[in-house]
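Visitor: I have just opened this entry and would like some help reading it. Could you walk me through a few features, one at a time?

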Amino acid sequence: TSHVYFTLQEVFGYRTHNLRRALCLITTMLTCGVLLLVFYWKPQWRVWANCNPCPLQEADTVLLRTTDEFQRYTRKKVICLYLATLKFPISKNPEEPLVADRHSVINHAVLKPELKLRYIQVRKIRYVWDNLEKRFQKVGLLEDSNSCYDIHHTFGRGLTSEEQEVRRLVCGPNAIEVEIQPIWKLLIKQVLNPFYVFQAFTLTLWLSQGYIEYSVAIIILSIISIVLSVYDLRQQSVKLHNLVEDHNKVQVTVMVKDKGLQKLESHLLVPGDTLILPGKTSLPCDAILIDGSCVVTEGMLTGESIPVTKTPLPYTENTVAWKSHSLEDYRKHVLFCGTELIQVKPSGQGPVRAVVLQTGYNTAKGDLVRSILYPRPLNFKLYNDAFKFIVFLAFLGIVGFFYALGVYMYHGVSPRDTATMALLLLTVTVPPVLPAALTTGIVYAQKRLKKKKIFCISPQRINMCGQINLVCFDKTGTLTEDGLDLWGDCPYSLPQEVNSFASGKVLPWGPLCAAMTSCHSLILLNGTIQGDPLDLKMFEGTAWIMEDCDADYRTFGMPGSNIIIKPGPKASWSPVEAIAILRQFPFSSSLQRMSVVAQVAGEDHFHVYMKGAPEMLAKFCKSETGNN
């Protein structure tokens with residue numbers, strides 16, 4: 001097949017034809033570079049002129065076309081990688097896999113015995129040609145088809161150093177690099193805009209006819225607008241580069257199979273590496289937690305700095321894909337790139353470990369940066385109407401051009417004067433100052449927004465704001481906004497006995513009190529209780545306090561690295577001296593509940609406390625104990 005679909009784009013294969021390429025080069029020289037300019041505006045024409053269509057597996061150039069209403073084209077060269085450049089011998093036996101992961105596309109992408117791999121780079125993401133599936137597939141991540149067992153068994157003890165090298169070559173570095181565009185490149189991109197090219201032609205014609213003052217005024221305005229636009233684009237490029245640069249300079253510890261622990265730079269990480277999480281740090285990649293639990297703040301992703309508890313991926317031996325096993329709650333096992341790790345809790349079987357899931361621009365942070373670098377085009381009605389208006393003006397200009405041509409030729413005017421006057425009539429219909437005026441307006445609007453600390457990642461959309469008359473905000477966590485307070489509690493078994501916290505009455509000891517003190521996702525960070533505001537208010541209502549486990553509590557048989565809950569000075573009398581939270585199962589939207597495993601001081605058995613939607617919890621209750 002000569003084309004396939006992937007990531008909402010259609011891909012066509014082409015092979016460069018030397019004769020066609022030579023003809024295009026000659027035509028470019030004959031037209032003084034005009035053909036090259038047309039190819040710059042229309043990359044698909046360049047491919048169609050220089051290449052012949054061919055199957056994708058034979059292509060050296062691919063043409064990508066978006067499947068949206070814009071149908072935009074992008075030209076990409078197919079790049080070849082040779083694994084023979086690695087410093088260790090690689091088996092050329094087609095039956096022998098290159099990497100241990102049987103689901104990995106790398107095993108299907110490398111041709112043997114040539115040890116050659118073909119790939120394209122599209123918007124910072126690398127796609128390799130899968131010789132089995134006959135399509136380009138994304139690399140730089142673990143395949144979704146891996147089961148929980150695969151992740152624990154294949155990657156739990158780390159990769160071999162040889163497999164790491166293979167993956168580094170194929171997947172590329174774990175880096176989110178934003179190139180600072182050179183000023184000359186930004187300047188050329190601005191000047192080669194079709195509007196500015198038309199403007200240059202118009203001004204040249206006007207200057208030749210003696211319209212000096214008006215032409216000079218437009219030239220000055222255009223130069224100012226281009227300089228301002230280039231300066232603004234350069235500043236945005238520098239700021240974005242500085243924002244993501246620190247991500248690439250993190251020291252990490254990985255587990256290498258049969259060699260133990262090894263420290264390296266985060267840009268050397270590959271999908272499948274086993275990370276050791278020592279404590280507070282910034283995550284340099286997306287990773288699946290496989291041992292121990294930890295607390296992260298995902299403010300970079302969600303905008304809310306509430307600590308989130310992450311739990312390890314369960315060790316099950318079924319063959320269901322790991323995301324399907326966890327349903328929509330798979331995120332509770334994933335540590336996302338750019339989020340801050342603020343607390344780790346080992347399971348007692350060694351350090352906290354996580355398997356690298358995605359690297360570079362495949363990560364959550366990479367997606368965020370890509371959305372800034374490549375904003376999604378929007379089909380606004382204003383843009384369509386403006387384009388139709390300019391096309392209409394151009395049509396009037398063409399009509400005027402041929403009318404003037406006919407009139408001047410009829411009256412016997414010289415060919416030079418006839419062509420000049422006809423072209424003048426063509427150029428006055430489309431205002432040459434239009435691009436400069438639009439650019440100046442956008443730059444001025446950006447400066448005003450910047451004073452209010454508002455930054456725009458897509459300046460062209462500022463023009464649309466003049467039409468907005470209603471803005472709707474969707475605030476998440478509406479029920480957990482600041483100022484929420486606890487009114488009281490009502491035991492299900494005794495609905496008539498309502499305990500009002502507003503009256504200052506203390507919650508008496510009982511199963512309800514034990515559940516309210518322990519069944520939550522709160523953490524103790526630097527001596528301060530943090531977490532969901534609703535959980536925090538519920539816990540404060542019990543008047544109990546939270547402490548870290550120390551040697552005194554271990555005398556009660558409580559394990560270390562756990563949160564201890566005990567009655568505070570204002571709490572009601574309790575026969576329990578302390579409760580240790582051994583394991584938290586965070587709230588699951590699919591299960592509509594959360595639960596914890598706790599142990600009372602001095603006891604050798606465990607308690608499980610649960611909270612959630614009433615209709616869900618009712619399924620776990622004995623029907624004969626119900627109270628209608």
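Guide: Let us begin with a charged pair in this predicted model. Side chains of opposite charge can pair when their charged atoms come close. Here the side chains of Arg 353 and Asp 291 form a salt bridge, at 3.8 Å from N to O.

Visitor: Which parts does the pair of Arg 353 and Asp 291 tie together?

Guide: Arg 353 belongs to strand β19 (residues 352–358) and Asp 291 to strand β14 (residues 286–291), so the salt bridge ties together parts that are 62 residues apart in sequence.

Visitor: Is Asp 291 buried or exposed?

Guide: Asp 291 counts as buried because its relative accessible area is 7%, and buried means under 20%.

Visitor: How many salt bridges are there by this rule?

Guide: The count is eight. One of them joins the side chains of Glu 163 and Arg 167, at 3.1 Å from N to O. These two residues are four apart in helix α6 (residues 161–171), so about one helical turn separates them. Both Glu 163 and Arg 167 are buried.

Visitor: What about Arg 370 and Asp 367?

Guide: Their side chains also meet in a salt bridge, with 3.5 Å from N to O. Arg 370 and Asp 367 sit three residues apart in helix α12 (residues 364–373), which is about one turn of that helix. Asp 367 is partly exposed, with a relative accessibility of 40%.

Visitor: Going back to helix α6, what does Gln 164 touch?

Guide: Gln 164 is in helix α6. If we set aside neighbours within four places in sequence, Gln 164 contacts Leu 159, Val 254, Val 256, Val 270 and Asp 273. Gln 164 is buried, at 3% relative accessibility.

Visitor: How should I read the nonpolar interior?

Guide: In soluble globular proteins, nonpolar side chains tend to be buried together. In this model the largest nonpolar core has 23 residues, and those with the most contacts inside it are Trp 544, Met 546, Ile 565, Ile 579 and Tyr 609.

Visitor: Which elements each supply at least two residues of this core?

Guide: They are the helices α16 (511–518) and α17 (533–542), together with the strands β24 (544–548), β25 (563–567), β26 (579–588) and β27 (593–600). Take Ile 565 as an example: not counting residues up to four places away in sequence, its contacts include Phe 539, Trp 544, Met 546, Ile 579 and Ile 581. Apart from this core lies another, of 20 residues, among them Ala 59, Val 62, Tyr 127 and Phe 136.

Visitor: Which nonpolar residues form a patch on the surface?

Guide: Leu 207, Ile 212, Val 216, Ile 220, Ile 224 and Leu 228 form it, and together they have about 450 Å² of accessible area. Helix α9 (residues 212–245) gives the most to this patch, with five residues. Ile 212 lies in that helix and is partly exposed, with a relative accessible area of 40%.

Visitor: One last feature: how many disulfides does the rule count?

Guide: The count is zero. Take Cys 51: the nearest cysteine sulfur is that of Cys 54, 8.5 Å away, whereas a disulfide needs the two sulfur atoms within 2.5 Å. Cys 51 is buried at 5% relative accessibility, and Cys 294 is buried at 1%.

Terms used. Residues numbered from 1 in each chain as written. Predicted model: local features only at pLDDT ≥ 70, side-chain atom pairs only at ≥ 80, totals over all residues. Heavy atoms only, no water. Patch = residues over 30% accessible without salt bridge, like charges linked within 9 Å, V, L, I, M, F, W, Y side chains within 5 Å. Areas by Shrake-Rupley, 256 points an atom, 1.4 Å probe, with all protein chains shown as cover. Salt bridge = Lys/Arg side-chain N within 4 Å of Asp/Glu carboxyl O. Buried < 20%, exposed > 50% of the residue type's maximum accessible area, 1.4 Å probe, protein only. Core = buried A, V, L, I, M, F, W, Y, C linked by side-chain atoms within 4.5 Å. Contact = heavy atoms within 4.5 Å.
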